[in-house]
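Q: Could you take me through one part of this structure up close? I'm new to this, so please keep it friendly and go step by step.

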Amino acid sequence: YDILVIGGGINGAAIAYDAAMRGFSVLVVEEEDFASGTSSRSSKLIHGGIRYLKQFELGLIFESLRERALLLKLCPHLVRPLPFLYPVFEGASGGSLAVRIGMNLYDALALFRTPARHRILSESEVAEREPALGRKGLRTTARYYDAWMNDARLVLATMLGAIRCGADVLPHTEVRGLLHDGERVHGALLTDRIGGTDLAVEARLVVNAAGP
């Protein structure tokens, strides 16, 4: 193979899909099942990171919002709009003006490719949408959108895309060791955890996407 990818989470699946689309021969191996680790235990959010506005990480937010727009467009069956309420109470740093500026900037960094632009809600609208939210000291509440995803199914859809482009995939396959030629890694020793078969795989490049 040109590339051996170790790990069948979203990183391994995306690397395999990208490489296979470019014409490389790819093998993905995963010790358990695909998306069995971190990629099925995420926050389930596809978001731009509105909290990073305070750190002025505008480049990071812009990149994340661009990815959010792509996923909403490409995978509407797996990624859906999700509204949030952002309440501001008396004593909060910045106050209402800062929230309005921040929300407008968040929409602008998304190039307005968002399910809906933010809105400042009236007290009655807040009570209707979230009756459990305390009213004492509440100065203003903004509603904005990010997105929710089915993380495990998104991994499987990405892996199926890699397979359609020619990648080979082996779930339930353990990497027992790497093949070395001096300091250069050129493959791995594998064990089929179901059938018990051992095999050695040669690869020009080995990518470790095994997660924590």
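A: Sure, let's pick helix 5 and start with its length. At 1.5 Å a residue, the 14 residues of helix 5 should span 20 Å, and the C-alpha atoms at its ends are indeed 20 Å apart, so the two figures agree. Keep in mind that this is a predicted model.

Next, which residues of helix 5 are buried? They are Asp151, Leu154, Val155, Thr158, Met159, Gly161 and Ala162. Look down the axis of helix 5 and those buried residues fall within an arc of 155°, so they line one face of the helix. Here's some background that helps: an α-helix has 3.6 residues a turn, so residues three or four places apart point the same way.

What does that buried face pack against? The buried residues of helix 5 pack against helix 1, strand 2, helix 2 (58–74), strand 6 (138–149) and strand 7 (168–170). Just past the end of helix 5 comes glycine 166, with a positive phi of about 110°.

Now let's see how helix 5 fits into the nonpolar core. In soluble globular proteins, nonpolar side chains tend to be buried together. The largest nonpolar core here has 16 residues, and Ile3, Val5, Ala16, Val26, Val28, Met159 and Ala167 have the most contacts inside it. Two or more residues of this core come from each of strand 1 (3–6), helix 1 (10–21), strand 2 (26–29) and helix 5 (151–164). Helix 1 gives the largest share, four residues. For a close-up of one core residue, try alanine 16: setting aside neighbours within four places in sequence, alanine 16 is in contact with Val26, Val28 and Ala162. Ala162, you'll recall, is one of the buried residues of helix 5. There is also a second, separate core of twelve residues, which includes Leu65, Val88, Tyr106 and Tyr144.

Finally, let's visit strand 6, one of the elements that the buried residues of helix 5 pack against. Threonine 141 sits in strand 6. Is threonine 141 buried or exposed? Its relative accessibility is 1%, so threonine 141 counts as buried. Leaving out residues up to four places away in sequence, threonine 141 touches Leu85, Tyr86, Pro87, Arg119, Ile120, Leu121 and Val126.

Conventions: Residues are numbered from 1 along each chain as its sequence is written. This is a predicted model: local features need pLDDT of at least 70, side-chain atom pairs count only at pLDDT 80 or more; totals for chains, interfaces and linings use all residues. Side-chain values use heavy atoms; hydrogens and water are left out. A nonpolar core is a set of buried Ala, Val, Leu, Ile, Met, Phe, Trp, Tyr and Cys residues joined through side-chain atoms within 4.5 Å. Buried means under 20% relative accessible area, exposed over 50%, partly exposed in between (1.4 Å probe, protein chains only). Contact means heavy atoms within 4.5 Å. The expected span of a helix is 1.5 Å times one less than its number of residues. The arc is that of the directions from the helix axis to the C-beta atoms.
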